[in-house]
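Grab a pencil and let's work through a few exercises together. Each one sets a task and then walks through the solution.

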Amino acid sequence: MRGLRRCLQGALLAATALVAALPAHAQAQGAPLRIHVRGSAQIDAVAWTEPDGFVVRGSVIDDARSPVAEAPLAIDAVTGGGAPVDLPTAEGCAADGAARGREHRASHGGYAISTDERGGFCLRGRAPLANATLRVRFPGGKLYEPAEVKIPIETHAAPLAPVILRFDPPVDAIDLDRPTVNVTVALRIDRSGARGAASGATFERERLPVVLEDERGTRLAEAPTGGDGRARFELATEGLGGAGQGVLRARFDGTAALARASVGQGVVRYAQVTLALSHPVEPARAEDGVPIDVEVRSSGGPVEGGVVEALRAGEPVGTAAVISGEARVIAAFTAEREGTVPLSLRYVPAAPWWIPGAELAIDVPVAGPGVWRQLALGAAVLAIAGWVLGGWRRAPKRAEARAGDEKPAAPPGRAGVRIVGPIDDATGWRGAVADAHDGTPIAQAELTIVVPAFDDSGVVARAVTDDAGEFSIEAPYRSDAKLVVRAPTHSSYEQALPPPSKLGIALVTRRRAVLDRLVRWARRQGAPFEGPPEPTPGHVRRVASRVQQHEVEAWATRIEHAAFGPDAVDERIEQDLGASEPKPGISQLAP
């Protein structure tokens, strides 16, 4: 899938799709299957000791940078050696000068609190803590993975005013093909959280240093805040690392009156991929395959992963994997005469941060048949003519093809069943099952011939492919029968059973299938869901979030996790994503 992947966020960093297992008897009875998507959670917090106590303050956000409200948290303290520390009684921080919050007593060595509706939390201990580290733990739940963070406690002689940082606007994607990217971090001082003499003080937000770091902890830049409390950065993209997932983190180290603060933002660094010939294509016979060596590069250097496809008149004639920025495509096709044949090369990414560039048009020199081959063809024609004129009358005998004589067809790029040719046994079928995009044989694919039956037991034959993707299946032919093909990692396919013959069957991976489903859905909806130049899960999710279409947002998030996440997509996940596709009309924008 090509298109701009500007919209992927931190959901790609840790989110996984978990399938709720059902008992075997429930599955047999057709019980509904439920799939729970669990995203990641992140805890941002700071802590400091004051003369009369200590303060810990922070927030819990999910992988889309949205607050996690009512999140249960456990807070305890340990020494540098890991020994537990006794905690004093604590209370919720006062809000806007009002009465203090409810009291929290340490239970089993720690506090138990929950975040507010904005995902924030704050505790103020009634006695100082020195030489200790606070540990904040979020146990997770049905929607989120567990999270934990350790926070060193800073020591200050006077109460501090809490500081809150945020990226404004959020930076969730970085185009590495641009020379620079602008980042703005807003710094806000929470005067309601200040206590004692500092609570009535006037705090200046100007000339406060804010540091930007990446996921490796590398310092990218430092800038002071302006009079509006914003620090503005212009980062050179060449220093941000290669294409892929990453994190931007803003950090304020505090002052004598202001507490430390930090905030993280998951980003995807993406780059456009360009193709070029490594050297001119050498003439070769098209039927034998023309080798084409391709350089696959981006602004950051060689590209790793994905495939390069060769197309003739829009139909694939060869494909090759990209390894360390290089791919060798063997383009096999039929050419009527010697000369040049126009082909086009395109890049198909295996990760969302690689953006395919324009197709590369090339002219491939094709060699004609050699002299000896022409003589052999002429001799064959004369032999056939003599055989016919000689009046030799015997029943025609079908020549049995030997394994290895047939050249593999180019991957079709879509699921389907192709009749390769006849077989001697008119009561059965044989052939091979392969991936529709890279032509890889699919082992352990199950082929079933099904006929109509009242009790759903219409299976008349079944076969499983071997390690080479080959199969053989025997059954009487019926015109009302169906051929059903299933595989561990590929989307199922079924169609009317063809007559007994040799078959070439292509299947599409479930990752591609669920991604294609979202693309079709977005195109049916039109703008703004379709998006230029092609819809992506992240784009659909962001539009849905902006217009508060939460069902669409949740569905697009699950598609994103399935298509680009680390876990395999099984048949139950694919079916559930299909069943939960938003119905027509749900995505209509609010007036």
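Below are three exercises on strands, a sheet and aromatic rings.

Before you start, note that this is a predicted model, where local features need pLDDT of at least 70 and side-chain atom pairs count only at pLDDT 80 or more, while totals for chains, interfaces and linings use all residues. Residues are numbered from 1 along each chain as its sequence is written, and side-chain values use heavy atoms, with hydrogens and water left out.

**Exercise 1. Find the strands that pair with S20, and name a residue pair for each.**

Start with the terms: strands are DSSP runs of E with at least two residues, numbered from the N terminus, and two of them pair if DSSP finds at least two bridges between them.

Step 1. Look at S19 (residues 261-277): 4 bridges tie it to S20 (residues 290-298), and the two run antiparallel. Here leucine 275 has valine 296 in S20 as its bridge partner.

Step 2. Go on to S24 (residues 326-331), which is antiparallel to S20 and joined to it by 6 bridges. Across this pairing, glutamate 295 faces glutamate 326 in S24.

Step 3. Finish with S21 (residues 301-302), another antiparallel partner of S20, with 2 bridges. Proline 302 in S21 is the bridge partner of arginine 297, and a hairpin links S20 to S21 through 2 residues.

**Exercise 2. Work out the strand order in the open sheet that holds S14, and say which strands stand at the edges.**

Step 1. Write down the order: the sheet has 3 strands, S12-S14-S17, with antiparallel pairing.

Step 2. Pick out the edges. S12 (163-167) and S17 (230-236) each have a single partner strand, so one side of each has no neighbour in the sheet.

Step 3. Add the twist: neighbouring strands here are turned by 25 degrees against each other on average, direction ignored (axes are lines fitted to C-alpha atoms).

Step 4. Zoom in on one pairing. S14 (residues 180-189) and S17 share 7 bridges, and threonine 184 sits opposite arginine 232 in S17.

**Exercise 3. Describe how tryptophan 521 and phenylalanine 529 are arranged.**

Step 1. Set the rule: rings of Phe, Tyr and Trp (its six-membered ring) pair if their centres lie within 6.5 Å, and planes under 30 degrees apart are stacked, over 60 edge-to-face, the rest tilted. That gives 4 aromatic pairs.

Step 2. Apply it: tryptophan 521 and phenylalanine 529 are edge-to-face, at 5.4 Å centre to centre with 80 degrees between the planes.

Step 3. Check burial (buried is under 20% relative accessible area, exposed over 50%, partly exposed in between, with a 1.4 Å probe and protein chains only). Tryptophan 521 is buried at 1%, and phenylalanine 529 is buried at 1% too.

Step 4. Widen the view: Trp521, Phe529 and Trp555 make up one aromatic cluster.

Definitions and conventions:
Axes are lines fitted to C-alpha atoms, for helices over the stretch in contact, and angles run from 0 to 180 degrees between N-to-C directions.
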